[in-house]
Structure formats: structure tokens, C-alpha cells
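Student: I am new to this structure and would like a close look at a single part, rather than a tour of everything. Please choose a place where two helices might meet, and then show me how to follow it outwards.

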Amino acid sequence: MKKLSLIVIVFVFTYNNLSAQSVITKKLKMKHKFETATLANGCFWCTEAIFQRLKGVESVTSGYTGGTVKNPSYREVTSGSTGHAEAIQIKFNASEITFQEILDVFFSTHDPTTLNRQGYDRGTQYRSAIFYHSNEQKETAEKFIKELTEANVFVSKIVTEVTEFKTFYIAEQYHQNYYNNNKTQGYCIAVINPKLEKFIKKYKSKLKK
């Protein structure tokens with residue numbers, strides 16, 4: 001009888017403990033609401049390095065989107081024949097950083113007024129574009145562009161596309177985490193470093209520690 005009572009007590013304790021853990025896990029999942037943003041704003045070596053440093057950003061993946069060719073290679077995309085743009089796909093915690101805050105960084109770290117061009121990079125593969133994943137993202141992007149236009153933040157007209165997201169093709173492995181793996185490379189020193197310095201200075205309070 002004593003053994004039976006002990007078994008019952010252990011079972012009840014274990015069940016209650018597991019139930020408590022289940023509730024905690026559910027609350028943690030609710031707290032960490034992950035969303036996806038897909039953006040194109042020039043060479044993904046630069047853009048990946050910038051967004052990786054933002055608080056609330058879980059991961060940044062470089063790839064291609066917006067075109068017609070399936071599983072394109074980097075060489076095909078840079079030829080301008082696939083219709084794809086060099087893009088990044090950002091997984092972010094919406095409880096830490098909003099889609100609008102991500103757009104703020106997006107518009108602050110590239111020129112959205114130059115059609116199919118960013119600096120010396122020219123072609124449709126370097127176009128400025130927002131590939132929305134929901135109607136909410138679409139509305140937020142369109143409203144943000146309207147507000148920037150009305151405030152005359154840019155001298156020239158914003159040409160950023162707001163397009164429905166369809167398919168994202170992950171770029172070759174050597175493109176992933178490019179800046180962090182190649183900080184002494186000439187392009188990183190001459191092009192990415194100056195951009196990062198400006199970004200860090202402006203968004204210091206929003207950076208990961």
C-alpha cells in the first residue's frame with residue numbers, strides 16, 4: 001500500500017512538473033514571435049553584414065529572388081539574365097524589432113532612388129526591392145515609402161519595388177557570412193567597412209552586444 005501511495009505521489013509530481021514546463025515553453029514561444037523579411041538593396045555582402053548586427057535579428061541568409069530562373073547560380077544572376085535580385089532573407093524576433101524598424105535601416109543604408117544601381121554595381125540584380133510576406137508587410141512598406149516621400153527625405157524619387165514574395169534561392173556557401181569571414185579582403189575594407197561605420201554610429205543603441 002505504501003509503495004502504491006509513493007508511486008501515485010511521484011506520478012502526480014511528475015505530471016504537474018511536465019505541465020508547468022509545457023506552459024513555460026508555450027509562453028517562451030509566444031514571446032519569441034519570429035517573422036521573415038526579404039529585401040534587396042545592392043550587393044548582399046554589404047547588406048548581410050549590416051543586418052546581422054541588429055538586436056532581434058536571428059539570422060540573415062544571402063540569396064536570389066524576384067526572377068524567373070529556378071536555382072540560379074551567382075554567375076547567372078550577375079549576368080542580369082535571370083531577373084533575380086541579390087537579396088537577403090532576415091529571420092527576426094518581432095517582439096524585439098519590428099518590420100518598420102527593419103525598413104528604417106533598409107532605407108538608411110542604401111540609395112533607394114537609383115534605378116537598378118548601387119554605387120558601381122549596375123543591373124537589375126542590384127535593384128532596390130521589398131518582397132513582402134503578408135498584406136501587413138505590404139501596407140507597412142507602402143506607408144513608409146509614402147512618408148519618406150512626403151518628408152522629402154531623398155532629393156530624387158524613391159524607386160524601390162514593393163513586390164509579393166514568391167521564392168528565395170539560397171546563394172552559394174561562400175557568400176554566406178561573407179564579411180565576417182573575409183574582413184581583410186579588399187572589397188570588405190574599401191566598401192563594406194565605411195558602410196558599417198556609418199550604420200554603427202547611427203544605430204548604436206539597436207546593435208547586439
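## A close look at H4 and H5

Tutor: Buried residues make up 38% of the 209 residues in the chain, where buried means under 20% relative accessible area, exposed means over 50%, and partly exposed lies in between (1.4 Å probe, protein chains only). Please keep in mind that this is a predicted model, in which local features need pLDDT of at least 70 and side-chain atom pairs count only at pLDDT 80 or more, while totals for chains, interfaces and linings use all residues. Residues are numbered from 1 along each chain as its sequence is written, and side-chain values use heavy atoms, with hydrogens and water left out.

The chain has 7 helices and 8 strands; these are DSSP runs numbered from the N terminus, with helices (H or I) of at least four residues and strands (E) of at least two. Let us settle on helices H4 and H5. Their axes lie 10 Å apart, at an angle of about 45°. That angle makes H4 oblique to H5, since under 35 degrees counts as roughly parallel, over 145 as roughly antiparallel, 65 to 115 as roughly perpendicular, and the rest as oblique. The axes are lines fitted to C-alpha atoms, for helices over the stretch in contact, and the angles run from 0 to 180 degrees between N-to-C directions. The crossing is right-handed, meaning that the near helix is turned clockwise from the far one by less than a right angle.

Which residues meet there? H4 brings Phe99, Gln100, Leu103, Asp104 and Phe107. From H5 come Gln137, Thr140, Ala141, Phe144, Ile145 and Leu148. Contact here means heavy atoms within 4.5 Å.

Now pick out Gln137, which sits in helix H5, residues 135–150. With a relative accessible area of 5%, Gln137 is buried. Setting aside neighbours within four places in sequence, Gln137 is in contact with Glu35, Thr36, Ala37, Phe99, Phe131 and Tyr132. Phe99 in that group is one of the H4 residues that meet H5. With Thr36 there is also a polar link: the Gln137 side chain reaches the backbone oxygen of Thr36 at 2.8 Å. A polar contact is a pair of N or O atoms within 3.5 Å; within protein, one must be able to donate a hydrogen and the other to accept it, and residues adjacent in sequence count only if both atoms are side-chain atoms.

Glu35, which Gln137 touches, leads us on to charged pairs. Side chains of opposite charge can pair when their charged atoms come close. The structure has 4 salt bridges, each a side-chain nitrogen of Lys or Arg within 4 Å of a carboxyl oxygen of Asp or Glu. One of them joins Lys33 and Glu35, at 3.7 Å from N to O. Glu35 counts as partly exposed, at 24% relative accessibility.

Back on H4, Glu101 has a salt bridge with Lys206, and their closest N and O atoms are 3.1 Å apart. Glu101 lies in helix H4 (residues 99–108) and Lys206 in the segment after helix H7 (186–202), so this pair ties together parts that are 105 residues apart in sequence. Both ends are partly exposed: Glu101 has a relative accessible area of 28%, and Lys206 has 33%.

If you carry on along the chain from H4, you come to Asn116, in the loop between H4 and strand E4 (117–118). Its phi is near 55°, a positive value in a residue other than glycine. Asn116 is partly exposed, at 24% relative accessibility.

How does our corner fit with the whole chain? Among contacts between residues at least 6 apart in sequence, 77% join residues at least 24 apart. The salt bridge of Glu101 and Lys206 was one link between parts far along the sequence, 105 residues apart. For another example, look at Tyr187 in helix H7. The C-alpha atoms of Tyr187 and Cys46 are 9.7 Å apart, although 141 residues separate them along the chain. Not counting residues up to four places away, Tyr187 touches Cys43, Trp45, Cys46, Asp121 and Ile192. Trp45 and Cys46 are among the buried residues of helix H2. All 8 of the 8 residues of H2 (residues 44–51) are buried, so this helix is largely enclosed by the rest of the structure.
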